[in-house]
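Colleague: I'm new to this one and would like some help reading it. Could you walk me through it feature by feature?

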Amino acid sequence: MLLPSFAVLAGLVLLVWSADRFVDGASATAHHFAMPPLLVGMLIVGFGTSAPEMVVSVLAASQGSPGLALGNAWGSNILNMALILGITALITPIAVQSVILRKELPILIAVTALSALLVWDGLLTRWDAVLLLAVFGGLIAWSIVAARGQGRDSLALETATELSAGAMPLNRALLWLGLGLLVLVGSSRLLVWGAVTIAQTLGVSDVVIGLTVVAIGTSLPELASCVVAARKGEDDIALGNVLGSSLFNTLAVVGLAAVIAPMDIEPTLLTRDLPVMAGLTVLLFVLGWGFRGPGRINRFEGGLLVAIYLGYTAWLLSTLAPTA
């Protein structure tokens, strides 16, 4: 257990470092090529922080552990919407000003409903995965159109400020982009090997390892970026990271993993984890939409989100049972 545990720890540390470098390099490179700030905020930053989940899940599926891939994606969504947003709101309440993000909230509900419909029969086939990826492609196209038509959106303004503050030469941006990607892949391989080995040694499902240890590790970039953004008053960037990451996880991460290795869905995922993820998605919509004005997640609601995550984790750990 010592070597696999060290592999998981080292993999997580390198994963967080490389994801940060990758996002910085990608954002700066996009800025150099005059990509609209809103598009950078929605795609590069929001989806870029999900690079760890994508690489880890693809590697897990290709190495015969699709359950780890699905657990990682759904576990990261639960952690993003409950723990990360909750901690961020406890530090400073989050005001939702961006028109684009308010449009993304019902889209996230629809995507979660689609995901639930596809897995309800206990299977996630390649055709299901192709549908998820096709929807993801449609959302990318919508994002590009939205970025061109909402140049003064608050998310665009906040992202433009961040890009100007973190400006770097193109050669350094490309260096961080390439180095971050290489270390990201290497650390993901290390993390997957350690996590699978620990699961086999303890006799628990790799889904559980994906929902807990791996999900927490791959979501650390989102936590860091959300807390920093909120402390700077960039509330829309903080929420945008969570929404973008959740959409990316549900569609692209799960879709890519299932294209590689179609998977059987464990019954506990349908009765425990999927309802929690869906419930948090609806709750986030209610909090973020703002039916009487701009949406807002205050400290009390942030504390509620953290309590939900702690309760879910306790429930998850209490139902652990060795696999046969």
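**Reading helix 3 and beyond**

Modeller: Sure, let's begin with a helix. This is a predicted model, and in it helix 3 (residues 51-62) has 12 residues and runs 16 Å from its first C-alpha to its last, close to the 16 Å expected at 1.5 Å a residue.

Colleague: Is helix 3 mostly covered or mostly open, and how many of its residues are buried?

Modeller: The general idea first: an α-helix has 3.6 residues a turn, so residues three or four places apart point the same way. Now the case here: helix 3 is mostly covered, with nine of its 12 residues buried. Among them are P52, V55, V56, L59 and A60.

Colleague: What follows helix 3?

Modeller: G64 does, and its phi is positive, near 85°.

Colleague: OK, let me zoom out. How many helices and strands does the protein have?

Modeller: There are 12 helices and four strands. Of the 324 residues, 55% are buried. As for contacts with a separation of 6 or more, 88% of them link residues 24 or more positions apart.

Colleague: Which residues touch the most other members in the largest nonpolar core?

Modeller: That core has 81 residues, and the ones touching the most other members are W74, L85, L124, I265, L284 and I297. Helix 10 (residues 235-260) gives the most to this core, with 13 residues.

Colleague: Say I pick L284. What does L284 touch, leaving out residues up to four places away in sequence?

Modeller: Its partners are M81, L85, L105, L108, L239, L243, W289 and I297. Two of those, L85 and I297, are also on the list of residues that touch the most other core members.

Colleague: Now the outside. What supplies the area that the protein exposes?

Modeller: About 13,200 Å² is exposed, and carbon and sulfur atoms supply 71% of it. For a local case, look at L3, F6 and W193: they form a nonpolar patch on the surface, with about 360 Å² of accessible area together. F6 sits in helix 1 (residues 2-32).

Colleague: Why does F6 count as exposed?

Modeller: Because its relative accessibility is 55%, and the cut-off for exposed is over 50%. F300 is another case to try: it counts as exposed because its relative accessibility is 68%.

Colleague: Where is F300, and how far is it from P93 in space?

Modeller: F300 is in helix 12 (residues 299-318). F300 and P93 are 207 residues apart in sequence, yet their C-alpha atoms are 9.1 Å apart in space.

Technical notes: Residues are numbered from 1 along each chain as its sequence is written. This is a predicted model: local features need pLDDT of at least 70, side-chain atom pairs count only at pLDDT 80 or more; totals for chains, interfaces and linings use all residues. Side-chain values use heavy atoms; hydrogens and water are left out. A nonpolar core is a set of buried Ala, Val, Leu, Ile, Met, Phe, Trp, Tyr and Cys residues joined through side-chain atoms within 4.5 Å. Buried means under 20% relative accessible area, exposed over 50%, partly exposed in between (1.4 Å probe, protein chains only). Helices (H or I, at least four residues) and strands (E, at least two) are DSSP runs, numbered from the N terminus. Contact means heavy atoms within 4.5 Å. Patches are made of residues with over 30% relative accessible area and no salt bridge: like charges are joined within 9 Å, nonpolar side chains (Val, Leu, Ile, Met, Phe, Trp, Tyr) within 5 Å. Accessible areas come from the Shrake-Rupley method with a 1.4 Å probe; for residues, only the protein chains shown count as cover. A salt bridge is a side-chain nitrogen of Lys or Arg within 4 Å of a carboxyl oxygen of Asp or Glu. The expected span of a helix is 1.5 Å times one less than its number of residues.
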